[in-house]
Amino acid sequence: MAPNKFETTAILTSRVNDGILLHDVYLCPICQNILWKPVACKTCENSFCSKCITSWLSKGRGLCPFKCTYRERKCPSILLSLLSKLEVDCRYKSNGCSKIMYYELLEEHEDECQYQMKQCKGCEQSILLKDLVNHEDECGMVDVICYKCQTIYKQKEMKYHDQIKCLENAMERKMSDALKQQQKMFDERLRLLEENYKKKSQYERIESNYSNKNNNNSSIHSLEQNSTIQAKYATIRGSKRRNTVFNPNIFYN
Ligand SMILES: [Zn+2]
Ligand SMILES: [Zn+2]
Ligand SMILES: [Zn+2]
Ligand SMILES: [Zn+2]
Ligand SMILES: [Zn+2]
């Protein structure tokens, strides 16, 4: 079975000088490796790697591996002091690192050990950290950017990027920048037009509502006017009728 990430980063007892003589007190009861960043159970006083006990408890077990209710406390300082004096091989020994150091300096060294594997950002091959800079300088798959024309291309295509190509790219870039700028201005104008159009039709709607209302009012007015006119007309007709009764000829007869 392939070891999981934690197992591969664990401090196997074989990495400790005189590891065979190691007392149990140095070992994590869960993973059986050298305690790493240990914490202890307040009840039974046993110490565990903090990763191991966290994963143990997360699997639904509320109890410590020694069957007591787990309550965490700091690892006893005497144990930390014992651990700090262990002499340990670098975890990258198999890659060629010959460094042996005190347990307490392990993390600092391994973080920057030149014998760890890192991925090339071009071809994605795993390369020893000490060789990575040289490799990436020459790896054809690494992206490079031309500072003149801002084109990004693979390092292996560098030879095709001569002065003419560079000039072409620079011109293309300028043209496409100008086009983009124009497009942006066009979009902005279109947006303004649409906005104006919306405002205008909104205004027209309000205006037509308003004049409809007025028209209704004026027809009410004309109705009123009609009845007044009819009334007036009726009076005049009345007086006319009276006029016909009144005969002015009587003065001349
Ligand atoms: Zn452990
Ligand atoms: Zn316990
Ligand atoms: Zn190393
Ligand atoms: Zn590469
Ligand atoms: Zn260029």
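The exercises below concern a predicted model.

**Exercise 1.** Which residues have the most contacts inside the largest nonpolar core, and which elements give two or more residues to this core?

Solution. Step 1: the largest nonpolar core has 18 residues. Step 2: Ile-34, Leu-35 and Cys-49 have the most contacts inside this core. Step 3: two or more residues come from each of strand 2 (47-49) and helix 2 (50-58). Step 4: take Leu-35 and leave aside its neighbours within four places in sequence; its contacts are then Tyr-26, Leu-27, Cys-28, Ser-47, Cys-49 and Leu-83.

**Exercise 2.** Describe the order of the open sheet of three strands and place helix 2 relative to strand 2.

Solution. Step 1: the order is 2-1-3, and the pairing is antiparallel. Step 2: strand 2 and strand 3 (72-74) are the edge strands, each pairing on one side only. Step 3: from one strand to the next the twist averages 45 degrees. Step 4: three bridges join strand 1 (residues 38-41) to strand 2 in the antiparallel sense. Ala-40 has Ser-47, in strand 2, as its bridge partner. Step 5: helix 2 packs on the sheet and touches strand 1 and strand 2. The direction of helix 2 makes about 90 degrees with that of strand 2.

**Exercise 3.** Is Lys-148 buried or exposed, and where is its place?

Solution. Step 1: Lys-148 is in the loop between strand 8 (143-145) and strand 9 (152-154). Step 2: Lys-148 has 12 other C-beta atoms within 10 Å, so this residue is exposed; the cut-off for exposed is 12 or fewer. Step 3: leaving aside neighbours within four places in sequence, Lys-148 is in contact with Cys-166 and Ala-170. Step 4: Lys-148 and Cys-166 are 18 residues apart in sequence, with 7.4 Å from C-alpha to C-alpha.

Notes. Residues numbered from 1 in each chain as written. Chains lettered and ligands numbered in written order. Predicted model: local features only at pLDDT ≥ 70, side-chain atom pairs only at ≥ 80, totals over all residues. Core = buried A, V, L, I, M, F, W, Y, C linked by C-beta atoms within 7 Å. Buried ≥ 20, exposed ≤ 12 C-beta atoms within 10 Å, placed from the backbone. Helix = DSSP H or I, 4+ residues; strand = E, 2+ residues; numbered from the N terminus. Contact = placed C-beta atoms within 7 Å. Pairing = 2+ DSSP bridges. Axes fitted to C-alpha atoms, helices over the stretch in contact; angles between N-to-C directions.
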